[in-house]
Amino acid sequence: MPPARRPAVRVRDVAAPVSRCTVAAPEVAMEDILDRIGSTTGTGVPVLVMEGGHLAGIITVHDTTAWSGAAPWARLPVSARG
């Protein structure tokens with residue numbers, strides 16, 4: 001985008017609608033999310049984590065890369081690590 005045009009551009013002009021985003025609830029397994037974003041049914045990342053109709057968080061490419069490269073024990077909830 002040309003620098004001269006940038007002050008006139010608003011977020012609504014470049015934002016993707018939620019209908020085009022991958023959406024997940026907080027209790028969904030991370031492995032399921034990785035399967036969804038890698039399939040034709042998912043729309044990729046970022047993944048919007050929605051709870052009660054509100055945005056609870058966002059999973060980014062960095063998050064998925066870090067998680068998938070983590071040691072298996074690191075994928076467990078803190079309470080299950082012992």
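1. How many strands form the open sheet, and in what order do they lie? In this predicted model, three strands form an open sheet in the order 1-2-3, and the pairing is mixed. The edge strands are strand 1 (22–24) and strand 3, each of which pairs on one side only. From one strand to the next, the twist averages 35 degrees. As general background, strands of a sheet pair through backbone hydrogen bonds, either parallel or antiparallel.

2. The parallel part of the sheet involves strand 1 and strand 2, which are joined by three bridges. A reader wishing to locate this pairing may start at T22, which stands opposite V47 in strand 2.

3. The antiparallel part involves strand 2 (residues 47–51) and strand 3 (residues 54–59), which pair over five bridges. Two positions help to trace the register: V49 stands opposite G57 in strand 3, and E51 stands opposite H54 in strand 3. Strand 2 and strand 3 form a hairpin with two residues between them. In the turn, G52 has a positive phi of about 60 degrees.

4. Helix 2 should be viewed together with the sheet. Helix 2 lies across strand 1, strand 2 and strand 3. With respect to strand 1, helix 2 runs at about 165 degrees.

5. Helix 2 also packs against a second helix. Two packed helices are described by the angle between their axes and the distance between the axes. For helix 2 (residues 30–38) and helix 3 (residues 61–68), the angle is about 120 degrees and the axes are 11 Å apart. The two helices are therefore oblique to each other, and helix 2 passes helix 3 in a left-handed crossing.

6. Which residues meet where helix 2 and helix 3 are in contact? From helix 2 come M30, E31, L34 and I37, and these meet T64, W67 and S68 in helix 3. The residues of this contact divide into four nonpolar, two polar and one charged.

7. Confidence should be considered before details are discussed. The protein averages a pLDDT of 79, and 78% of the residues score at least 70. Confidence is highest in strand 2, at a mean of 93, and lowest in helix 3, at 77. Over residues 78–82 the pLDDT is below 50. Beyond near neighbours in sequence, this stretch has three contacts in the model. Where pLDDT is low, the predicted coordinates should not be read in detail.

Note on methods. Residues numbered from 1 in each chain as written. Predicted model: local features only at pLDDT ≥ 70, side-chain atom pairs only at ≥ 80, totals over all residues. Heavy atoms only, no water. Axes fitted to C-alpha atoms, helices over the stretch in contact; angles between N-to-C directions. Helix = DSSP H or I, 4+ residues; strand = E, 2+ residues; numbered from the N terminus. Parallel < 35°, antiparallel > 145°, perpendicular 65-115°, else oblique. Left-handed = near helix turned anticlockwise from the far one by under 90°. Contact = heavy atoms within 4.5 Å. Nonpolar A, V, L, I, M, F, W, Y, C, P; charged D, E, K, R; others polar. Pairing = 2+ DSSP bridges. pLDDT = per-residue confidence, 0-100.
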